[in-house]
Amino acid sequence: MGEVYQARDTRLARTVAIKILPSHLSDDATRRQRFEREAKTVSSLNHPHICTLYDIGRQDGVDFIVMEYVEGATLAERLEKGPLPTAEVLEYGIQIASALDKAHRSGVTHRDLKPGNIMLTKSGAKLLDFGLAKAAPPLNTGATLTNAGAQAAPVTRECAIVGTVPYMSPEQVEGKEVDARSDIFSLGAVLYEMVTGGRAFQGQSDFSVASAILVKDPAPISTSQPLTPPALERTIRVCLAKDPDARWQSAGDL
């Protein structure tokens with residue numbers, strides 16, 4: 001949702017990342033106030049597997065946020081090489097769930113959990129980009145996917161429906177209010193892809209992917225990865241329950 005630059009903080013002599021927000025996100029005063037409020041909440045999330053937000057500001061009409069500079073590759077880039085070994089799935093999965101647990105206990109729902117928002121570093125996984133995070137229940141817009149077209153790659157939709165379609169929970173697809181259990185569904189979709197190398201919900205367009213999320217169950221992991229521990233497959237299956245009440249009820253439980 002913006003351009004990101006590597007920069008040098010000359011006051012504290014450290015490398016940082018600066019995200020420049022596009023004008024359509026900052027021209028509206030109400031939206032900017034909400035973003036600033038949520039940024040303050042995210043900046044309080046002190047966790048080894050969450051990218052730290054250092055500062056937020058506005059210069060010459062341009063809004064920006066200053067973040068921790070994280071070296072490594074995204075999980076999306078790693079998945080281009082195929083599925084991850086089970087040991088790595090467990091290691092990274094535990095770290096991401098721990099990061100989500102911290103965020104949820106602080107009242108923050110990420111709402112855009114996907115491989116592109118997870119960095120793999122020498123010290124483990126780092127959860128990035130809380131740009132769509134909500135520190136309070138989101139407004140129910142009653143939106144639909146009527147304006148969604150086919151995409152060659154998953155693109156974040158920051159309008160009526162918030163998130164990235166292949167990793168959305170059913171309640172996100174329907175434009176309903178979401179809570180922490182929506183992030184758990186998204187993490188289940190990410191874990192499924194880490195184990196199998198393929199997306200849990202597939203289709204030729206956003207419409208067909210959204211339909212699959214609502215009515216279809218992913219193919220059993222054991223069909224493509226028969227050596228996957230049954231407990232891990234069951235854990236992921238519970239994450240991907242259509243009904244939020246049937247999922248793990250917290251990232252801590254997960």
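Biologist: Which residue in β2 stands opposite Val 4?
Modeller: This is a predicted model, in which local features need pLDDT of at least 70, side-chain atom pairs count only at pLDDT 80 or more, and totals for chains, interfaces and linings use all residues. Residues are numbered from 1 along each chain as its sequence is written, and side-chain values use heavy atoms, with hydrogens and water left out. Helices (H or I, at least four residues) and strands (E, at least two) are DSSP runs, numbered from the N terminus. Across from Val 4, in β2, stands Lys 19.

Biologist: How many bridges join strand β1 to strand β2?
Modeller: Strands of a sheet pair through backbone hydrogen bonds, either parallel or antiparallel. DSSP has to find at least two bridges between two strands for them to pair. Strand β1 (residues 3-9) and strand β2 (residues 14-20) run antiparallel, and the number of bridges joining them is seven.

Biologist: Which residue in the turn of the β1 and β2 hairpin has a positive phi?
Modeller: Look at the four residues between the two strands. One residue in this turn has a phi of about 55 degrees, and that residue is Ala 13.

Biologist: How many helices and strands does the secondary structure of the protein come to?
Modeller: We have met two of the strands, β1 and β2, which form a hairpin. For the secondary structure of the protein, the count is nine helices and nine strands.

Biologist: In what order do the three strands of the open sheet come?
Modeller: The pairing in this sheet is antiparallel. Its edge strands, each pairing on one side only, are β5 (73-74) and β7 (124-127). Between β6 and β7 there are four bridges, with Thr 121 standing opposite Gly 124 in β7. The order is therefore β5-β6-β7.

Biologist: At what angle does α4 run to β7?
Modeller: Axes are lines fitted to C-alpha atoms, for helices over the stretch in contact (heavy atoms within 4.5 Å), and angles run from 0 to 180 degrees between N-to-C directions. Helix α4 lies across β6 and β7, and its angle to β7 is about 35 degrees.

Biologist: Is Asn 117 buried or exposed?
Modeller: Asn 117 sits in the loop between α4 (86-105) and β6 (118-121). Leaving out residues up to four places away in sequence, it touches His 110, Asp 112, Lys 126, Leu 127, Leu 128 and Asp 129. Buried means under 20% relative accessible area, exposed over 50%, and partly exposed in between (1.4 Å probe, protein chains only). The relative accessible area of Asn 117 is 4%, so this residue is buried.

Biologist: Which residue forms a salt bridge with Lys 114?
Modeller: A salt bridge puts a side-chain nitrogen of Lys or Arg within 4 Å of a carboxyl oxygen of Asp or Glu. For Lys 114, the closest N and O atoms are 3.7 Å apart. Lys 114 and its partner are both buried, and the partner is Asp 112.

Biologist: How far apart are N and O in the salt bridge of Arg 14 and Asp 9?
Modeller: Arg 14 counts as partly exposed at 27% relative accessibility, whereas Asp 9 is buried at 14%. Their side chains meet with an N to O distance of 3.4 Å.

Biologist: Which residue meets Lys 176 in a salt bridge?
Modeller: Lys 176 is partly exposed, with a relative accessible area of 47%. Its partner is also partly exposed, at 39%. The N to O distance is 3.0 Å, and the partner is Glu 174.

Biologist: How many residues of α6 are buried?
Modeller: Helix α6 has 17 residues and reaches 25 Å from its first C-alpha to its last. After α6 comes Gly 197, with a positive phi near 85 degrees. The helix is mostly covered, and of its 17 residues the buried ones number 16.

Biologist: What separates the C-alpha atoms of Leu 240 and Gly 188?
Modeller: Leu 240 lies in the segment after α9 (230-239) and is buried, with a relative accessible area of 6%. Beyond its neighbours within four places in sequence, its contacts include Phe 185, Gly 188 and Tyr 192. Although Leu 240 and Gly 188 are 52 residues apart along the chain, their C-alpha atoms are separated by 5.7 Å.

Biologist: What percentage of the 254 residues count as buried?
Modeller: Several buried residues lie in α9, among them Leu 232, Ile 236 and Val 238. What covers the buried residues of α9 includes α4, α6 (180-196) and α8 (221-224). Across the protein, the buried share of the residues is 48%.

Methods:
The expected span of a helix is 1.5 Å times one less than its number of residues.
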